[in-house]
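Subject: Structure for your review

Dear colleague,

Please find below the structure that I am handing over to you. I would be grateful if you kept it open while reading the notes that come after it.

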There are 2 protein chains.
Amino acid sequence: MLKQEILSKNQQIVLDYIEKVNEPIKAYSILHNVQKKGIKAPLQVYRALDKLVEIGKIHKIESRNAFVACKNSNCQISKATAFSICESCEEVSEISDSKLSKYLKNFQDKAGMKFNKYNLEFFGLCKKCSIK
Amino acid sequence: MLKQEILSKNQQIVLDYIEKVNEPIKAYSILHNVQKKGIKAPLQVYRALDKLVEIGKIHKIESRNAFVACKNSNCQISKATAFSICESCEEVSEISDSKLSKYLKNFQDKAGMKFNKYNLEFFGLCKKCSIK
DNA sequence: TACACAATGTTATATTATAACAATTAACAC
DNA sequence: GTGTTAATTGTTATAATATAACATTGTGTA
């Protein structure tokens, strides 16, 4: 089987909701909002999240413990993620910059360690918040 | 007052311990290990951690919810952190690469957002683990 | 059909982190 | 020194995030 094309019921419910809200959302907030769909326990949400992260449909914003839908036609990219985060309004955008990703993919540390994945989070003020 | 040169009692206790273990360590593990020094509650640890992160003496490894002493003669660098993380043995090293930090400091996203901070975590296998 | 494996349902619990409030100590102008 | 302010501490309780363990059901396929 390939990366998995078909999502299970719970995975689809969780993904649908994350894609709908279109901003980072926390696991328990997802839970509250999908209870009407029959998902009752945290573990059901976390299992779906794990799988969705694994297959690149969503990403975890580590500094916020939140999850967001992938904007970059998913796949591969789940191993190479970059986000900008506004420290005022908490808006998060996925950065899609081929020069940046190429630079980071090829980065070699001094110990010669070979990386297969990275996550980069930038913090600052978004345009709206910086003119306030 | 400058960045704060003198640490308070609890801050010093926590920092001493983190520097001693010399690897990423979790808040409750710190708590268990500094109880003999008189620190009794999680909040005392978290307050010290917050301050130590703020002044750049330690960093938080977001993907691991762990804290590690800064190796780069601290200061400034707390706003520009990069780590390599071995997914097998969980060894974490702080990356100190002036080209990388220069590149990231000057990175401008397409929306023109100005960043004042970033955190980058690379994942892979360290030398030891890759030959196993 | 039967096997293997993925996904589900469920209860309980572990782990990480903060709220709220009172008391104490440090920094410093006067 | 006294008074004022802010930082730090101590303490209890609780919120928020995440996983363990185990029984059951569904799905693909040989």
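The notes below go from the single chain to the pair of chains and then to the DNA.

Please bear in mind that this is a predicted model. Chain A contains five helices and five strands, and from the N terminus on they follow the order α-α-α-β-β-β-β-α-β-α. The C-alpha trace of chain A spans about 50 × 50 × 25 Å along its principal axes. Of the 132 residues in chain A, 30% are buried. Among the contacts in chain A between residues at least 6 apart in sequence, 54% join residues at least 24 apart.

How is chain A superposed on chain B? A rotation of 180 degrees, with 0.0 Å of shift along its axis, achieves this with an RMSD of 0.0 Å. The two copies are therefore related as by a two-fold rotation axis. Within chain A, Leu120(A) has the C-alpha nearest the axis, 2.2 Å from it. The copies meet through the same surface, because 100% of the interface residues of chain A are also interface residues in chain B.

Turning to the DNA, 21 residues surround DNA strand C, and the closest are Ser8(A), Lys9(A), Asn10(A), Ala41(A) and Tyr46(B). The elements giving two or more residues to this surface are α1 (9–21) and α3 (42–54) of chain A, together with α2 (27–34) and α3 (42–54) of chain B. The largest share, six residues, comes from α3(A). By class, the surface near DNA strand C has ten nonpolar, six polar and five charged residues.

Yours sincerely,
A colleague

Terms used
Residues numbered from 1 in each chain as written. Chains lettered and ligands numbered in written order. Predicted model: local features only at pLDDT ≥ 70, side-chain atom pairs only at ≥ 80, totals over all residues. Helix = DSSP H or I, 4+ residues; strand = E, 2+ residues; numbered from the N terminus. Buried ≥ 20, exposed ≤ 12 C-beta atoms within 10 Å, placed from the backbone. Contact = placed C-beta atoms within 7 Å. Least-squares fit on C-alpha atoms with pLDDT ≥ 70 in both. Near = placed C-beta within 6 Å. Nonpolar A, V, L, I, M, F, W, Y, C, P; charged D, E, K, R; others polar.
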